[in-house]
Amino acid sequence: MEGGNKKKMKILCLHGFRTSGKFLQKQISKWDPSIFDAFEMVFPDGIFPAGGKCEIEGIFPPPYFEWFQFNPDFTEYENLDECISYLCEYITNNGPFHGLLGFSQGAALSGLLLGYKLQGKVLKDHPPLKLFISISGSKFRAPSIAEVAYKEPIKVRSVHFIGAKDWLKLPSEDLAAAFDNPLIIRHPQGHTVPRLDEEALDQLRKWTNSILQEIEASVEQKIEKSEQQCDVVEQREPHENAVAEEGE
């Protein structure tokens, strides 16, 4: 995306359980910022104040938030419908967005939104979302949700960061398997936004660049098609005018 006048594409970034948008922004700052030069990263806070102890207390200042509440097995949820409605309204009012990024609870929620959109359940009037960056994600386990959201492979370009020591390692792999041709980047760390070595940075950079090229090619095709339609109209007009003059 060259040129200072081009509008940046938006990525909605959803933070983890009982943290905040500002904390996720700090976590992502571990990565080379040039990777996201072409994007505007948006970091909203969850809609509910943290309802209990926060693991980042003493590490990062409050306030802390959560998107919804859940039981230990992650099979029952409270306020999830309200959360989904809020995010759909947020996306509609502040978009359009080109993709989603999420950590932990935010990644699970992002994957759900993408699956629901594919099935026509949410964001029906929003343009297709082109990319998904999942860090320590997971699938929703309640059958009433999973049978809809993951009914078929989610055809969105996705990259999944999976930590060797992450307690959500297996759930993260399950979420990746729900997507069509996912890119999986493994790291030796735990439940965190990882610091990336050169190999991982190169993978992520190539992945984002390939998506940008696809989007730009799509835009160019639309422009070319529009110009061709204009040419057809311009070619018709002289002929139609001539016919009209003969009829006078």
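Leaving aside neighbours within four places in sequence, F68 is in contact with F17, F48, F74, Y77, E78, N79, L80, C83, Q105, L109 and F140. This list is a handy way into the structure, which is a predicted model. F68 belongs to the largest nonpolar core, a group of 36 residues, and is listed there with L12, L80, I84, L109, L112 and F140 as having the most contacts inside the core. Four elements each supply at least two residues of this core: strand β1 (9-14) and the helices α2 (80-94), α3 (105-118) and α4 (143-149). Helix α2 makes the largest contribution, with 7 residues. Another core lies apart from this one and holds 28 residues, including I11, I133, L196 and I211. In soluble globular proteins, nonpolar side chains tend to be buried together.

Taken as a whole, the protein chain has 248 residues, of which 45% count as buried. Its secondary structure comprises 6 helices and 10 strands. Contacts between residues at least 6 apart in sequence are worth a look as well: 75% of them join residues at least 24 apart. The accessible surface of the chain comes to about 13800 Å², and carbon and sulfur atoms account for 49% of that area.

The sheet comes next. It is an open sheet of 6 strands, arranged in the order β2-β1-β7-β8-β9-β10, with parallel pairing. Its edges are formed by β2 (39-42) and β10 (183-187), each of which pairs on one side only. From one strand to the next, the twist averages 15°.

Walking across the sheet from the β2 edge, β1 and β2 run parallel and are joined by 4 bridges. Here L12 stands opposite V42 in β2, and L12 is also one of the residues with the most contacts inside the largest core. The parallel pairing of β1 with β7 likewise involves 4 bridges, with I11 opposite G99 in β7. I11 itself is a member of the 28-residue core. On β1, then, L12 is listed for the 36-residue core, while I11 is listed for the other.

Strand β7 deserves a closer look. Burial covers 5 of its 5 residues, and the strand is mostly covered. G99, L101 and F103 point one way from β7, whereas L100 and G102 point the other way, and all of them are buried. Towards β8, the strands run parallel and 5 bridges join them; the bridge partner of L100 in β8 is F132.

Two helices lie across this sheet. Helix α3 lies across β1, β7 (99-103) and β8, and runs at about 150° to β7. Helix α5 (residues 169-177) lies across β8, β9 (157-163) and β10, running at about 165° to β9. Strand β8 is thus crossed by α3 and by α5.

Helix α3 can be described in more detail. It has 14 residues and reaches 20 Å from its first C-alpha to its last, close to the 20 Å expected at 1.5 Å a residue. Because 13 of the 14 residues of α3 are buried, the helix is largely enclosed by the rest of the structure. Among its residues, L109 and L112 are listed with the most contacts inside the largest core. After the helix comes G120, which has a positive phi, near 75°.

Two polar positions round out the picture. Q27 is found in helix α1 (residues 21-28). Its relative accessibility is 8%, so Q27 counts as buried. Beyond its neighbours within four places in sequence, Q27 is in contact with F103 and V193. F103 is among the residues of β7 that point the same way as G99 and L101.

K130, by comparison, is found in the loop between α3 and β8 (131-135). With a relative accessibility of 37%, K130 counts as partly exposed, the cut-off for burial being under 20%. Setting aside neighbours within four places in sequence, K130 is in contact with H98, V156, R157 and I215. K130 and V156 are 26 residues apart in sequence, yet their C-alpha atoms are 5.7 Å apart in space.

Notes: Residues are numbered from 1 along each chain as its sequence is written. This is a predicted model: local features need pLDDT of at least 70, side-chain atom pairs count only at pLDDT 80 or more; totals for chains, interfaces and linings use all residues. Side-chain values use heavy atoms; hydrogens and water are left out. A nonpolar core is a set of buried Ala, Val, Leu, Ile, Met, Phe, Trp, Tyr and Cys residues joined through side-chain atoms within 4.5 Å. Buried means under 20% relative accessible area, exposed over 50%, partly exposed in between (1.4 Å probe, protein chains only). Contact means heavy atoms within 4.5 Å. The expected span of a helix is 1.5 Å times one less than its number of residues. Two strands pair if DSSP finds at least two bridges between them. Axes are lines fitted to C-alpha atoms, for helices over the stretch in contact, and angles run from 0 to 180 degrees between N-to-C directions. Accessible areas come from the Shrake-Rupley method with a 1.4 Å probe; for residues, only the protein chains shown count as cover.
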